[in-house]
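Reader: I am new to this structure. Please take me closely through one part of it.

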Amino acid sequence: MTITSHQHELRAAAAHLGRRRFLTVTGAAAALAFATNLPGSAEAAEADAHKAITDDPFTLGIASGDPQPGSVVLWTRLAPQPYETGGGLPKARIAVQWELAYDERFRRVARRGSATAHPEFNHTVHIEATGLDHDRVYYYRFRTGNWISPVGRTRTAPARGARLNELRLAAVSCQAYHDGYFTAHKHLAAEDLDVVFHLGDYIYEYAVDAAGGARKYTDRTLPAHFNRETTTLEDYRLRYALYKTDPDLIAAHAAHPFVVTWDDHETENNYADDIPENDVPPQEFLIRRAAAYRAYWENQPLRRPQQPSGSDMQLYRRLQFGTLAQFDILDTRQYRSNQAYGDGWQVPGPESEDASRTLTGGTQERWLINGWRSSQALWNVVPQQVTFAQRRSTTSAGYKLSMDSWDGYPASRERVLAGAEAAGVDNLVVLTGDVHVSYGLDIKRDFKDADSPTVGTEFVTTSISSGKDGADKPANWATYMAANPHMKWYNGRRGYVTVTLGTQAARADFKTVPAVTTQGAPITTAASFVTEPGKPGLSPA
């Protein structure tokens, strides 16, 4: 299907629904079905079709996520031909069995069950396994017909009141397939971790050419349908298939439970709520957003409360790891005010500093602050998307700020920091992605006051591949470090950050690879920092 026919499809769907009707649940669901030609119930009611699977259906691997005390989500998708519409399967329900075991060889099975892979959800499977031990490693696998999936390793969360000495996590983000290999994920798979937080830009909507962009394949040719921007449900589904066939991403998912949240590129660059990047009617964009949200849920290890309804999907949620850490995972795209001054880097002014502007939306903001009020955790961690601390572009008085980050929403940031202060949050840690560089930042109570106290710490992870190889010191390195004295670390290579939360300190290790446009780059620890409970601020480890 050409880009033009995609646009015609979206416009035809939008023409059937006014904006007010679209924004109802019924209208959104109807628009999504209309725009994407989902299979109807008659087609889905065909007999079990596992006997028709003649090739390995587990080409996208397996995954787990959102660990809770005694529970974890298991995920897979059946797709013997992943680059084809429907994955090479008939529009029929397919039975899938799953197992959780205490050992890799499955000699001691803890839980097992069966599920149905529905064609309406592109033959994805989400298992919310319960009744498990707290804070325990498990191994899991799937089976359909004579096919058995690879084995994955996962872990449940400890009991809510459990006292932990240590929790090891990683934060990753921004994995543009066309910008290079996912080498960092290969190294991530070998790390000793309890959980991985993916902070967004899991896929990109941009076209990927036959050679895989900067990967410059010579051993394969990617199908032409990847060489266009994603706009429909089928586009997004196929793009997830492309990404999820990457062996390094498969390995990372198999090794660790993931907690995911999105940024913008899972839908469209820099969208804000129902406002797209380009001049497209909101009702047309919301049809696209509904398709993107549905494909996201289908392809991630998420629980039922996160299942979208039309163009709406509640992704913000809370996870607790004993009394050591509480994680409040945010969504800073779906509810935000439009970027001020046309987006980009701009001199701040009345428009960006308007007190009514919000990055999280009022409901999510209240949920976050109320969660802090009841928190019993030593570390209150906020995994989210865009840079929280201020970043001035220059040392001059006419400095610019990013209108897409929290700098473009200072009133929203002030309400959050005031809420943390009122709730007595002493050890605030923000995990961030988005910017394709790594930062270590002190969070100041008031960034306009040089003597303002430090009230938290922000660890910004660099990209997995977005931005291609990068550099240790980007061109603006010296300017940024001088303009932002609260910036303790800045590096432009690809990689990720690991964070060890302990009772005496939190330690961040910034890991980098020298190249992603070629395979096999080694991983190094570029820098390490610590912050202590009750003493916010970063110090070299």
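Author: What follows is a look at one strand, β17, and its surroundings.

This is a predicted model, where local features need pLDDT of at least 70 and side-chain atom pairs count only at pLDDT 80 or more, while totals for chains, interfaces and linings use all residues. Residues are numbered from 1 along each chain as its sequence is written, and side-chain values use heavy atoms, with hydrogens and water left out.

Start with the strand itself. Helices (H or I, at least four residues) and strands (E, at least two) are DSSP runs, numbered from the N terminus. Five of the five residues of β17 are buried, so β17 is largely enclosed by the rest of the structure. Buried means under 20% relative accessible area, exposed over 50%, and partly exposed in between (1.4 Å probe, protein chains only).

In a regular strand the side chains alternate between the two faces of the sheet. In β17, Leu-428, Val-430 and Thr-432 take one side. Val-429 and Leu-431 take the other. Both faces are covered.

Now the partners. Two strands pair if DSSP finds at least two bridges between them. β17 pairs with β15 (residues 379-383) in the parallel sense, over four bridges. There, Val-381 stands opposite Val-429. β17 also pairs with β19 in the parallel sense, over five bridges. Here Leu-431 stands opposite Phe-459.

Next comes a helix, α10 (residues 410-423). Its 14 residues should span 20 Å at 1.5 Å a residue, and its end C-alpha atoms are 20 Å apart, which agrees. The expected span is 1.5 Å times one less than the number of residues. The buried residues of α10 include Ala-411, Val-416, Leu-417 and Ala-420. Among the elements covering the buried residues of α10 are β17 (428-432), β18 (438-444) and β19 (454-460). Gly-424 follows α10, and its phi is positive, near 75 degrees.

Return to Val-381 in the neighbouring strand. Val-381 is one of the residues that Asp-328 touches, as are Val-382 and Pro-383, not counting residues up to four places away in sequence. Contact means heavy atoms within 4.5 Å. Asp-328 lies in strand β13 (residues 325-329). Asp-328 is buried, with a relative accessible area of 0%. The side chains of Asp-328 and Arg-318 are joined by a polar contact of 2.4 Å. A polar contact is a pair of N or O atoms within 3.5 Å; within protein, one must be able to donate a hydrogen and the other to accept it, and residues adjacent in sequence count only if both atoms are side-chain atoms.
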